[in-house]
Amino acid sequence: MSVTIKSQREIDLMREAGRLLAIVHQKMGEIIKPGISTGKINDYGEKIIRDFGCIPSFLNYRGYPASICISVNSEVVHGIPSDSIILKEGDIVSLDAGLIYKGFHADSARTYGVGNISEEAQNLIDITRQSFFEGIKNATDGKHLNDICSSIGSYAMQNKCGVVKELVGHGIGTELHEAPQIPNYAMNRRGIKLQKGMTLAIEPMLTAGCPDVKWMSDGWTVRTKDNSLSAHYENTVLITDGEPEILTLLSEENQ
Ligand code: MF3
Ligand code: CO
């Protein structure tokens, strides 16, 4: 599949999808505290999505059984929320959410600390977030995809984080996953030329230790092989002539 270029009407719909998803994240972030279950966070996030008249992108996607992917500590992505998984002080938790608004998807992820967390954990969260911003410095019409990928990867590695290779970002629009795939490390080619109107879900997934991951027997949860901590930061981004527009970030947001 080739990379889709969105029309002005489609961009407007994706912008609204992104804005609503940013509010979903903001509200989920507010209820994270020691003692809450990941099942409860999922139910709360799903309710907000539905109250907006939107559809959770992930529920039943290839059989995924929940609306929000919730991954704790050494889990990288695609953790399955449960009423029996209780967050405790010092944990870090990644919330990955997607919604469909009038046929268009938005997709974004944040990692939060639960109560007080270690300096190592906070560093990992900060570096993961910053690696996204390093990447999108190159998300401009006329640059190439690898300019994004390589700047994410080199920032992460300079800061001694592992870059998960098995999972990648993606184009997004009427489908949750569109072309191109967006690795978080340098490719051995320039990749596609970035063009105004492309919408990309850019999502570094980093580890505090070795970058290798394994799949759990639930068929979904991905975790680090060495049990080191992992963090995830994702936004849906619109390529323009100038600065990229981050569709899933509220202007007052500092996440
Ligand atoms: N945000 C994830 C991604 O970009 C989506 C999770 S897919 C699901 O690939 F199946 F787990 F829902
Ligand atoms: Co994604």
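**Exercise 1.** In this predicted model, decide whether cysteine 149 is buried or exposed.

*Solution.* Start with the cut-off: buried means under 20% relative accessible area. Cysteine 149 has a relative accessible area of 0%. Cysteine 149 is therefore buried.

**Exercise 2.** Work out how many disulfides the structure holds.

*Solution.* Recall the chemistry first. A disulfide is a covalent bond between the sulfur atoms of two cysteines. Here the cut-off is a pair of cysteine sulfur atoms within 2.5 Å. The count for this structure is 0. Now check two cysteines. For cysteine 149, the nearest cysteine sulfur belongs to cysteine 161 and is 18 Å away. Cysteine 149 is in no disulfide. For cysteine 161, the nearest cysteine sulfur is that of cysteine 210, 13 Å away. Cysteine 161 is in no disulfide either.

**Exercise 3.** Classify cysteine 161 as buried or exposed.

*Solution.* Take its relative accessibility, 10%. Compare that with the cut-off for buried, under 20%. Cysteine 161 counts as buried.

**Exercise 4.** Find which side chains make polar contacts with ligand 1, among them those of two aspartates and a glutamate.

*Solution.* Use the cut-off of 3.5 Å between N or O atoms. Step one: an N or O atom in the aspartate 96 side chain is 2.6 Å from a nitrogen atom of ligand 1. Step two: aspartate 107 places a polar side-chain atom 3.0 Å from an oxygen atom of the ligand. Step three: for glutamate 203, a side-chain N or O atom is 2.7 Å from an oxygen atom of ligand 1.

**Exercise 5.** State what percentage of the accessible area of ligand 1 the protein covers, and describe the shell by class.

*Solution.* On its own, ligand 1 has 330 Å² of accessible area. The protein covers 95% of that. The ligand takes up the space of the largest pocket. Its shell has 5 nonpolar, 3 polar and 4 charged residues. Among the residues around ligand 1 are Phe58, Trp220 and His170.

Technical notes. Residues numbered from 1 in each chain as written. Chains lettered and ligands numbered in written order. Predicted model: local features only at pLDDT ≥ 70, side-chain atom pairs only at ≥ 80, totals over all residues. Heavy atoms only, no water. Near = heavy atom within 4 Å. Polar contact = N/O pair within 3.5 Å; in protein donor to acceptor, adjacent residues only side chain to side chain. Areas by Shrake-Rupley, 256 points an atom, 1.4 Å probe, with all protein chains shown as cover. 1 Å grid on protein atoms, 1.4 Å probe; cavity = no way out; pocket = protein on both sides within 12 Å on 5 of 7 lines; lining within 4 Å. Sits in = over half its atoms within 2 Å of the grid points. Nonpolar A, V, L, I, M, F, W, Y, C, P; charged D, E, K, R; others polar. Buried < 20%, exposed > 50% of the residue type's maximum accessible area, 1.4 Å probe, protein only.
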